[in-house]
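Here is a friendly walk through one protein model, from its overall make-up to a few helices and sheets. Have the structure open beside you as you read.

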Amino acid sequence: MSQFAIGQRYISQLDPQLGLGLVVDIEPRRVTIAFPAVEEDRTYSIETAPLTRLIYRVGDTIRHASGQQLTVSAVNEMDGLMVYEGLCREHLPHQISEVMLAADIELHQPQQRLLTAQLSQNLAFSTKVKALYHIGSLDQHKARGLLAPRTLLLPHQIDIAQQVGKQRAPRVMLADEVGLGKTIEAGLIIHHQIFTHRAKRVLILTPEPLMAQWLVEMRRKFNLRFDFLNQERINTLDNPFEEAQLIISSLAIIMDQPHSMNAALEATWDIVVVDEAHHLDLSPSDQQHFMTRLALRSAGLLLLTATPEQLGEEAHFKRLQLLDPVRFTSYAQYQQEQSSFTELENAIVALEEGKTPPARYALGPSDPTDLKTHIASLLDFYGTSRSLYRNTRSSVSGLPRRSLHPHPLMAQDSATELEQALYPERYANDHDWPSTHPKVAWLTQFLRANKREKVLVICGDASVALALEDFLQFRQGIRSSAFHEHLDLVERDRAAAYFQQPDQGAQVLVCSEIGSEGRNFQFARHLVLFDLPLSPDLLEQRIGRLDRIGQQGTIHIHVPYCQESPQESLFRWYAQGLEVFTEHCAGAESIHQQFAERLRQYLIAPAADLAFLQDVAQATEQVKQTLADGRNRLLERHSFDPDRADKTIAAIQSKDSDPELLEFLELAGDVLQFELEAHSEETWILKASEQTHEALLVYFDDESFTATISRTTAASREDWAFLTWEHPFVRDILEIFTTDTVGSASFARLALTAVPEGTLLLEAVAVTRVSAPAYLDLQRFLPRSPTRFVVDIKGRDLAQALTAAVLDTRLEPLANKPAATIIRSIRFSG
């Protein structure tokens, strides 16, 4: 033991939580140390005291008892006490005697912990080293930011997520056709942006009925905890949009009160997401003014819609203007560009076939650009722009087939007004109308004949849905549930959950029109269209509740209608003119606008226009062909590259069910005191203990949680955690080993005959880090790369001979007391 002196500072090797001790009394054989941090004095034998003197070095940061910090530039000894010189925060020269050092200190630097004998087990050190190497590997991974989401690896979704997610402040419209998973694409992009530090603050605006669904999707599939901002919370907080980083709300709720709009605009947003963006009113209005300002205030903007032209081509153009007002300045210019898409597609095909395209599209003889890059440039410059991504159902595999089942019924008394003839139940004065309605009679019979089938019924009016569901449940004894706009969010979720229950749940869910958007019921195969909307896009939205990715069987679409009535004419318009029941028609809304007046006359008097359906069918075929040859084909080229997607998916799959992850978690469990208990194949129960690291306790509900590393299992068990290298639990473990003192220093005996007894070796791992703003995500180019050294007392590097694998099997633990004695003798020898 070195010579004690009053005022020197020591750390207890056995109780480091006592803080920094101060020598207050020295007797011939005993020394008394005061520990101000815990207000205790302890007396030790001078010969065996488990104490280590703390001496700082040049470059260390120290703290005065008053709280003032100092960066050490020189260390001097005066009368046995250390005096530290340096610059304080104000960059003024200052001196601090060790007597005046703060008592509540933490030793973070590995060399400090080693020299003061604040030691971890060797297992903690080796696990920390493994964590550093895993972090360096993940920094360079090609699918970084896409490993954690609990999603099926569908090529078109992964490709869009990779393209858009890597952009700085992406501003795009996700306009995949109904059923292709725009919500998943948006979630993947948001996750990628947050994981790579490109975004911190995200606002999702969705129709109020879908707020809870978005909240659950973001939590279960993407491990993103959004704050739920409904009308009540908006009215009770000063600026509710600054209370959380991730917020889900509704545009209707915000527009309801001026102070809500101002609060949303005062906040700073990295990304704003607008779901069902075709509902945006961008004609001169308060909503248009608010959305324009919000779009300018936010760095990134994602607009989601399956029917971008539902309100017309000009409305679609205005939404594109929100995304990029510089690119989309003139509607006339936009129309002109649209007309040239077929020419551009033909030019690209010519290039691919080795033919000569028009001069402005040609690849010059001295141009060093390869053909694929040149085509990408043509798409960017002349094509649909980088602001719009749209995959069509024809380009995506795995979608179900549609089967149409028309059900002609005897007509009731015909109404004189067209609206009443199409939807007589909406105008019924008798509340008991379901008991005499031919559609209800047919529906009741159909449900009784198909008791084992889940059936979704959609009608356009909430009062109709209420009366129909009430009749089915209380008059016919059929298990049913209603879903409509008069229910609050909790009641709607409860109705949907009751319908989803496989055994004791509702056989039929009766929805008003709000069931046509956002909600997904692909576990059902039968859709009953109790009435038909006048909008083709709205009809497609209805069908899309069942006809979407994840549907395992054929979709059976049932259309009951009254014969020799406008209902039959409307059915024929859809079935024979647009052919939308059996396949998606992307241009249906534009055809509807073209034939709107003739359609109205046809519904009233079909015999007066016998050529109507034939003309519509011809126009439909022409629009389909034009889109296939021009815009849709260009969009598919821009939106989805199968080869690129396959490479990204392969990169993700290389980390799925990774045995190294399980090995690391088992080691981390031993160090951080949690247990992995086998549950089933690739699935474990993780259990906490009283000693589990406090940073991990948040993940242990009821002291345990079940987790799987299988993507397939995770898809069917959303109540289990899906552990990947990017799951928050694993990331927090890596963070502990990166920033915490766990495993920073250890001392062990090397049992290896090739190394002489008494040889002193130092193993050190240095990590190269770049100091830069997080949003730059420089780890992509300069990963946190660990470098390992093993040196002897002569400075020779033996890392190649003594690998980590060799040391892990040959190192034997050494108790803290003898380890501290050895460290002390080495430190003070000469």
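Of the contacts in the protein (heavy atoms within 4.5 Å) between residues at least 6 apart in sequence, 69% join residues at least 24 apart. The model is predicted, so local features need pLDDT of at least 70 and side-chain atom pairs count only at pLDDT 80 or more, while totals for chains, interfaces and linings use all residues. Residues are numbered from 1 along each chain as its sequence is written, and side-chain values use heavy atoms, with hydrogens and water left out.

The protein holds 29 helices and 30 strands; helices (H or I, at least four residues) and strands (E, at least two) are DSSP runs, numbered from the N terminus. Its C-alpha trace spans about 120 × 75 × 55 Å along the principal axes. Of the 830 residues, 52% are buried, where buried means under 20% relative accessible area, exposed over 50%, and partly exposed in between (1.4 Å probe, protein chains only).

**Two open sheets**

Strands count as paired if DSSP finds at least two bridges between them. Angles run from 0 to 180 degrees between N-to-C directions, and axes are lines fitted to C-alpha atoms, for helices over the stretch in contact. The table sets the two sheets side by side.

| Strand order | Number of strands | Pairing | Average turn between neighbouring strands |
|---|---|---|---|
| 17-22-21-18-20-19 | 6 strands | parallel | 20° |
| 4-3-2-1-5 | 5 strands | antiparallel | 40°, direction ignored |

In the parallel sheet, strand 17 (402-409) and strand 19 (480-483) are the edges; each has a single partner strand, so one side of each is left without a neighbour in the sheet. Strand 17 pairs with strand 22 (residues 555-562) over 8 bridges, and His405 stands opposite His558 of strand 22. Helix 17 (residues 489-500) packs on this sheet, touching strand 18 (455-458), strand 19 and strand 20 (508-511), and its direction makes about 145° with that of strand 19. Helix 19 (residues 566-578) lies across strand 17 and strand 22, running at about 145° to strand 22.

In the antiparallel sheet, strand 4 (40-45) and strand 5 (51-53) are the edge strands, each pairing on one side only. Strand 3 (residues 30-35) is joined to strand 4 by 6 bridges, and Val31 has Tyr44 of strand 4 as its bridge partner.

**A helix pair**

Helix 2 (residues 122-139) packs against helix 27 (residues 728-739) at about 115°, with axes 9 Å apart. Which residues make the contact? Helix 2 brings Ala124, Thr127, Lys128, Ala131, Leu132, Ile135 and Leu138, and helix 27 brings Leu734, Phe737 and Thr738. By class, that is 7 nonpolar, 2 polar and 1 charged residues; Ala, Val, Leu, Ile, Met, Phe, Trp, Tyr, Cys and Pro count as nonpolar, Asp, Glu, Lys and Arg as charged, and the others, Gly among them, as polar.

**Helix 12 and the loop after it**

Helix 12 (residues 341-352) has 12 residues and reaches 17 Å from its first C-alpha to its last, close to the 16 Å expected, a span taken as 1.5 Å times one less than the number of residues. Its buried residues are Phe341, Leu344, Glu345, Ala347, Ile348, Ala350 and Leu351. Just after helix 12, Gly354 takes a positive phi of about 80°.

Is Ala359, in the loop between helix 12 and helix 13 (371-382), buried or exposed? Ala359 is exposed, because its relative accessible area is 72%. Its C-alpha atom is separated by 9.6 Å from that of Ala347, 12 residues apart along the chain.
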